[in-house]
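Trainee: I have a model to read and some labels I do not understand yet. Can we go through them together?

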Amino acid sequence: MKASLKQLAAADQTAEISVIPEPMKIQWGKGSFLLKHTTRIFVEEGSPEIRGIANYLADKLRPATGLGFAVHETARPGHPADSILLTTQNADAGLGEEGYELIVTKDSILLRAPKPAGLFRGIQTIRQLLPAKIESRKYVLTAAWPIPCVKITDKPRYKWRGMHLDACRHFTPTTFVKEFIDLMAFYKMNTFHWHLTEDQGWRIEIKKYPKLIEQSPWRKADDDSLYGGYYTHEDVREIVAYARERFITVVPEIEMPGHSVAALQAYPQLSCTGGTFEVMQEWGISRDVYCAGNDETFVFLQDVLSEVIELFPGPYVHVGADECPKDRWKECEKCQARIKTEGLKDEHELQSYFIRRIEKYLNSKNRNLVGWDEILEGGLAPNATVMSWRGTEGGIAASKQGHDVVMSPGPYCYFDMKQVDLPDEQGHNWAGIVSPEKVYSYEPTPDELTPAEAKHILGAQGNVWTEYLPNSNEIEYMILPRLCALSEVVWSPKEHRNYGDFTDRMQDHYKRFDILGLNYFGKQK
Ligand code: TNX
């Protein structure tokens with residue numbers, strides 16, 4: 001078995017390092033670079049983006065150290081002693097979009113990457129090489145801020161390293177969405193899947209359909225008061241920009257044809273029965289869904305998507321498509337007429353027709369459609385990416401058909417499930433237990449795929465459904481440390497994985513969570 005990071009450090013008499021996700025390659029040096037009041041940060045000349053990354057680093061280092069960290073531009077490839085240089089010059093192109101090389105000597109630090117995103121990922125490594133107290137937002141009186149001498153060459157194993165957040169079952173304020181994104185960034189995750197519409201609440205402003213914010217975000221609470229919230233266009237732009245600065249792509253999810261009662265409450269003419277409806281107060285699956293025989297449904301959804309596309313520049317739009325009961329369609333004249341005129345076999349093919357029609361629209365706007373694995377039923381839309389949640393079979397089938405896949409199977413990636421089998425453990429979803437160790441053991445690329453099919457596995461994602469997670473404290477508890485475990489699954493080389501070593505390294509991260517006041521599984525009360 002491979003020696004753990006801790007053993008290697010001990011053998012080399014260097015400082016212990018606890019980087020998560022574990023880098024691809026580490027060579028150990030002796031001694032440390034010390035951050036001092038004189039330490040400067042240099043960036044190559046003429047790149048505002050890299051300057052932005054340097055400012056992010058300085059902002060992270062300043063509060064605890066109380067040091068200035070002036071950021072300077074330099075035209076020279078080398079850099080003076082007592083400095084940190086961020087550069088894309090002379091970088092190994094083989095490190096790709098997000099890889100980097102970090103060389104720490106007693107004199108200086110060189111962070112080099114072919115692309116700015118790699119510099120940003122490398123900065124997370126620098127942060128994690130520093131003592132845990134660097135996370136303090138208040139000044140810490142300390143003798144020194146050492147960064148161990150080391151040479152790290154690193155790049156991710158998968159390109160979709162995702163976290164999903166259901167902002168619908170309970171509205172999630174933007175302050176917490178940012179905290180969630182910060183945690184993703186710290187663990188080098190790069191895709192934030194934002195679940196924005198549901199039976200129990202519609203959470204995104206659509207200017208063309210004002211009732212979607214006047215009515216659809218609000219459900220009756222037990223005391224008859226209205227409970228909910230929504231994101232304005234301005235809020236969305238702020239979150240997208242915040243994520244962008246952290247090299248995280250936001251994938252919005254607009255659910256269709258099911259999980260759409262909150263929208264139908266405001267626009268009941270888009271249902272098969274005509275309503276009336278209430279924004280759902282209970283969890284579960286509704287039989288009332290968008291009518292697939294009514295062209296108005298498609299006009300509405302395309303209008304909604306056109307505003308969504310304006311707000312989210314990323315290449316993907318998720319359209320849900322999970323858990324759509326076919327009861328209403330079976331009894332609806334318009335849906336039955338559509339089945340006839342389109343020559344469809346049954347209601348599954350009608351769902352497939354629905355998704356294909358939406359995909360055509362999204363593709364015409366240069367966006368890719370993502371859907372939960374139910375989009376396989378009745379035939380896949382030609383360019384769709386499949387998110388496999390009901391186990392891995394959907395993902396396997398889709399990749400065999402030449403479609404891209406994101407793996408997110410319940411037994412490994414559902415962070416709304418309990419982490420241990422204790423009666424008072426948080427998470428009330430299903431009967432399953434998804435321990436951090438279970439997450440850590442996950443292998444996103446199924447054995448049965450050929451190398452060509454395996455190329456379609458873009459990566460994996462952790463899903464946070466919030467039926468039983470009403471606030472940020474509970475969400476933190478559910479994602480920590482499972483997010484950390486998943487980050488290593490999707491970033492680090494497969495051969496490096498060692499759960500004992502991971503839990504050792506987590507100890508340093510728990511200290512950081514304590515300093516940041518974050519809740520987590522295993523926290524001493
Ligand atoms: C199934 S996973 C759902 C969600 C629920 C989740 C947990 C998926 C695509 N759909 O609507 O929140 O189970 O109850």
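Mentor: We will take a few residues and ask what earns each one its label. Keep in mind that this model is predicted.

Trainee: Why is Glu323 called partly exposed?

Mentor: Set the value against the cut-offs. Glu323 has 25% relative accessibility. Buried means under 20%, and exposed means over 50%. The value lies in between, so Glu323 counts as partly exposed.

Trainee: Why does Asn366 count as exposed?

Mentor: Its relative accessibility is 68%. Exposed means over 50%. Asn366 passes that cut-off, so the label is exposed.

Trainee: Where does each of these two residues lie?

Mentor: Glu323 lies in the loop between strand 15 (316-320) and helix 9 (327-331). Asn366 lies in the loop between helix 11 (347-364) and strand 16 (368-372).

Trainee: What is phi in Glu323, and what is it in Asn366?

Mentor: Phi of Glu323 is near 45 degrees, a positive value, and the residue is not glycine. Asn366 is not a glycine either, and its phi is positive at about 65 degrees.

Trainee: Now the peptide bonds. Is the one from Met256 to Pro257 cis or trans?

Mentor: That bond is cis, with omega near -15 degrees. Pro257 sits in the loop between strand 14 (249-256) and helix 7 (261-266).

Trainee: What is omega for the bond from Gly275 to Thr276?

Mentor: Omega is near 5 degrees there, and the bond is cis. Thr276 belongs to the loop between helix 7 and helix 8 (295-311).

Terms used:
Residues numbered from 1 in each chain as written. Predicted model: local features only at pLDDT ≥ 70, side-chain atom pairs only at ≥ 80, totals over all residues. Heavy atoms only, no water. Helix = DSSP H or I, 4+ residues; strand = E, 2+ residues; numbered from the N terminus. Buried < 20%, exposed > 50% of the residue type's maximum accessible area, 1.4 Å probe, protein only.
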